[in-house]
Amino acid sequence: MSPAHLPARNEVDPRHTWNAESVFASVDQWSAELAALSAGLDRLGSFKGRLGESPTILADAFHTLESFKERAEKALVYASLTESVDRNDQAATARAGQAGSLFGRLQGAVAYFEPELLTIGRDQLMAWAATEPRLSHYAHYFDDLFRRQAHVRSPEVEEVLGLAADAFGNTYATFSKLADSDFKFRPVASAGGELPVSQGTVDDLLNSPDRAVRRAAWESYHDQYLAYKNTLSSNLATSIKQNVLLARVRRYDSTLDMALFAGNIPAAVYHNLLDTFKKHRGVWQRYFDVRRRALGVDSLHTYDIWAPLTVEKSHVPYEQAVEWISAALAPLGHDYADRLRRGCLEDRWVDIYPNEGKSSGAFSWGVQGTHPFIVMSYTDDANSMGTLAHELGHSMHSYLSWANQPPVYADYSLFAAEVASNFNQAMLRAYLLEQDIDPQLKIAVIEEAMSNFHRYFLEMPTLALFELEMHRREERGEGLTADDMIDYMADLFAQSYGDAATIDRRRDGIRWATFSHLYADYYVYQYATGISGANALARRVLSGEPGAAEGYLGFLSAGGSRYPLEALQAAGVDLTQPQPVEAAFAMLGDLIDRLDELVNQ
C-alpha cells in the first residue's frame, strides 16, 4: 500500500481486519458483558478470610478467580484492540478506558489472595496440592509465591497497589495518545507530490531510495518529538518515578532487581549482555562502512540505515509472505506450520494493512479463549514479511501455551517471548537464503535481517543502557530533564557509531521518546537476549540435531509453568552464559560479509 494514501478505518476490507466478532459479536454484547462483570466483582470477595478453611474452598476460589479473570481479559482485549486499530475512534477509546478501569478494580478485589496464601504456609499448601486434584498443578505457583514472599505486602497495601494499577498505566496511555493521535508530522515533498508522514508510513519512507525523502521523513518525524520534548520527558520521568515507588514499597534494593526478580533472572544475565554489546560495537561500525560504500555516500547518516541497497524494492504480497513463513517453519512439523497458515489466511488473526489512526509498530495480543491476534501495517515488502514472521512467533507461542497450560500458567514471561518471535525470523531468513530466488530479493532478505539485528542488537541494548542510567538517577534523587535525556542518548549512539556514521545529536538524542517500550520497565534488554536465544535454537533445529524441534515446541508449550531460563535450558540454550550472545554477534558478522559480497558483485 502506498504511503500517499491512508484509508479511513471504515474503508478497510473486513477480510484484512482482526476477527473482532470471534471475541464479541457486537459492541452491545461487549457492553453487556462489562456490566455483568462489574456487577459480579463482589463475588470475588466472598472468599476473603476463607482460603485457609480447606483445600476444597481454595480450589473453588482459584476456579472463580480464574474464570472471572479470563472474561475480564477478553473484554479488555476486545476494547483495546478496537482502539489500537483506530486511535481516532473516541467511542473505542472510552471502551478501552472502561475495560482498563474494570481490570484495575479486579486487581484490587483479589488483593487479599496472595497474602492469605502466605499465611496458610508452604507446607500446608503443598500438602493440599498433593491431596486435592484441582490444586495439584499449582505446585510451581506456590513455590514462586514463597520465593516472592518478602515482596508481598499486607492485604491493605496489596489492595492499594491493585487499585492503583490503572492510574499507574496512564503514562503509557498519555504517550500513545500524543504519538498516535495528536502528533501531526510535516509532509515530505517528492517528485510525485507530498507524502504524508505518520506512525504507519514513516518506516516505508525511511526505506525510500530517494535520500532527500529519507532525510525529510527522518527530520519531520523526530522534530515533532523534539517539539514536545518537555512533555515527553516529564511523562517518562513520571513512569520511572512510579517504578521506583513500587520497588520501594515492595522492598527491592533497586528497580532493576525488581524487574529481574519477577522472572528469576540473575543480574549477571543483564550485565553480561550489555558488556558483550559494548565489546562488539565495532561489528556495527563495520556494517555502517559496508552500507556507506554500497550507497555511494561520503558520510552515512541515521536516515541511511534503512535505505534499500537494491535497484528495485522487493515486492512480497501478504499471501506470499504467509506461504514462505509457513514453509520455513515446516521443520517444526505440519501442525505448527498449518496452524500458523490458517490463522493468517482463514481465521483472521492479523489486522494487516495501515489505516488512519492505527497504532504504530506491530504487536501480538490475546488471551486464553481468544485467537492470538496481530496488529501491524503490512506494506508488501521484505521488511513487513520479517515483522509478520516475528509477530507470528509471539502468536504461536501464545497459541501453544494456551493449548497446553492451565490458566495459572497460560501467560509467559517477556524474557521468553522475544525468543519465540526472533526464532521465526531466523528460520525464515535461513529458508529464503537457501532458495533459488532473485539475488536482489536475497539482498532484501539480508537487509531485513540487518534491520532486525539493528533494532534488537543495537537500538535495544542502547535503550537498556539509557533506561538503567535514568532509573539510577531517579533512585539517587536526581532530576530528569529532557535535555539530559537527549544528551545521554546521543552519547550512547555516538559510541556505537564511532567514525563510521554521523550523529545528529538532537534528533538521535530524542530517539528514546519514540519507543513505547520504555513504559514497560527493563523490557528492552530482553530483545537482545531473545535474539541470542532464538538464533541458538534455530541453529539446533536447522542442523537436524536430535530432539531440537521437540525441545523448542516444549519451550513454547511450557508457558509460565517453568522459569524462563530453565525452560530455555531444557530446550538446549543457556543464557546465563555469554556464549549465545557472542554467537549471535558472530552470525551478525557473517551476514555483513555476505551482504558485502552481494552488493559488490
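**Entry 1: overall form**

I began with the radius of gyration: a compact globule of 601 residues would have a value near 25 Å, and the protein, at 24 Å, agrees with this. I note that the model is a predicted one. Next I looked up the extent along the principal axes, where the C-alpha atoms fill a box of roughly 75 × 55 × 50 Å. I then turned to the secondary structure and found 25 helices and five strands.

**Entry 2: surface and contacts**

I asked what percentage of the 601 residues count as buried. The value is 57%. The protein exposes about 23,500 Å², and I recorded that carbon and sulfur atoms supply 49% of this area. I also looked up the contacts with a separation of 6 or more: residues 24 or more positions apart account for 77% of them.

**Entry 3: cavities**

How many cavities of 30 Å³ or more are there? I found four. I followed up the largest cavity, which holds about 190 Å³ of space. Its lining consists of 17 residues, and those nearest the centre are N207, W306, P308, N383 and E447. I then looked up which elements give two or more residues to this lining, and they are α14 (281–295), α17 (382–404) and α19 (439–475). The largest share comes from α19, with four residues. Sorted by class, the lining of the largest cavity has seven nonpolar, five polar and five charged residues.

**Entry 4: H394**

I returned to helix α17, since H394 lies in this helix. Is H394 buried or exposed? Its relative accessibility is 9%, so I entered H394 as buried, the cut-off being under 20%. Leaving out residues up to four places away in sequence, I listed what H394 touches: S364, Y412, A417, E418 and S421.

**Entry 5: L178**

My last residue was L178, which I located in helix α8 (residues 170–182). L178 has a relative accessibility of 12% and therefore counts as buried. Which residues is L178 in contact with, once neighbours within four places in sequence are set aside? I noted F183, Y228, T231 and L232. Finally, I looked up L178 against F113: the two residues are 65 residues apart along the chain, and their C-alpha atoms are separated by 37 Å.

Key: Residues numbered from 1 in each chain as written. Predicted model: local features only at pLDDT ≥ 70, side-chain atom pairs only at ≥ 80, totals over all residues. Heavy atoms only, no water. 1 Å grid on protein atoms, 1.4 Å probe; cavity = no way out; pocket = protein on both sides within 12 Å on 5 of 7 lines; lining within 4 Å. Points joined across faces, edges and corners; volume = space filled by probe spheres on them. Nonpolar A, V, L, I, M, F, W, Y, C, P; charged D, E, K, R; others polar. Buried < 20%, exposed > 50% of the residue type's maximum accessible area, 1.4 Å probe, protein only. Contact = heavy atoms within 4.5 Å. Rg over C-alpha atoms; globule rule 2.2 N^0.38 Å. Areas by Shrake-Rupley, 256 points an atom, 1.4 Å probe, with all protein chains shown as cover.
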